[in-house]
Amino acid sequence: MDSILKIKYTLDALFGQGVSRYLPKDVVITYSKNTGRIKHVHQNDHLLCTLRTDGGLAITPYFAQILLKSKKFRENCLEIDDESKAFVQEGSSVFCKHVTWCGKSILIGSDVTVLHGGKVIAVGKAVLSTRMIKSFKKGVAIKIRDSLKSTNSGV
């Protein structure tokens with residue numbers, strides 16, 4: 001299978017049909033020397049995503065900002081308040097009480113983009129689903145994997 005096509009199918013499966021349209025045309029794919037499988041996807045000097053061994057994608061905040069143009073992708077995001085912005089940018093987890101808006105496609109274990117003022121500040125893994133995040137007032141909602149300050153991605 002064509003590598004670009006595989007990445008597009010994976011994007012659509014994880015984030016919603018049609019999200020793959022926002023994958024930049026000028027991507028460079030890095031392959032593993034041992035297995036020959038897709039390892040990283042780059043655009044210019046920016047890392048867009050890494051393919052996981054389980055078939056998923058680990059997207060970067062830079063790539064999340066590009067994909068944010070898609071309405072379907074936005075349903076996999078959540079917005080946080082001013083109080084927690086600095087902590088989340090440093091890589092701290094997002095707590096339920098700091099979530100101001102939550103997309104309806106967030107599932108336990110799925111990749112989630114954390115927004116503040118419509119801009120991506122971090123990406124992480126959901127500990128709770130959309131319904132749980134909206135109903136709980138305590139506890140961790142998202143464990144941050146990659147944030148703006150931990151990577152100098154310049155978004």
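Two strands are taken as paired if DSSP finds at least two bridges between them, and the elements themselves are DSSP runs numbered from the N terminus, with a strand being a run of E of at least two residues. The model is predicted, so that local features need pLDDT of at least 70 and side-chain atom pairs count only at pLDDT 80 or more, while totals for chains, interfaces and linings use all residues. Residues are numbered from 1 along each chain as its sequence is written, and side-chain values use heavy atoms, with hydrogens and water left out.

Strand 3 (residues 46-51) is a convenient place to begin. Strand 3 runs antiparallel to strand 2 (residues 38-43), to which 4 bridges join it, and within this pairing His-42 stands opposite Leu-47. The hairpin formed by strand 2 and strand 3 has 2 residues between the strands, and Asn-44 there takes a positive phi near 55 degrees. Strand 3 is also joined by 3 bridges to strand 4 (residues 57-59), again in an antiparallel arrangement, where Leu-51 has Leu-57 of strand 4 as its bridge partner. In this second hairpin 5 residues lie between the strands, and Gly-55 in the turn has a positive phi of about 100 degrees.

Further along the chain, an open sheet of 6 strands follows the order 6-10-9-8-5-7 with mixed pairing. Because strand 6 (94-95) and strand 7 (99-102) each have a single partner strand, they stand at the edges, and one side of each is left without a neighbour in the sheet. For strand 6 that partner is strand 10 (residues 140-147), which runs antiparallel to strand 6 and is joined to it by 2 bridges; here Phe-95 stands opposite Val-140 of strand 10.
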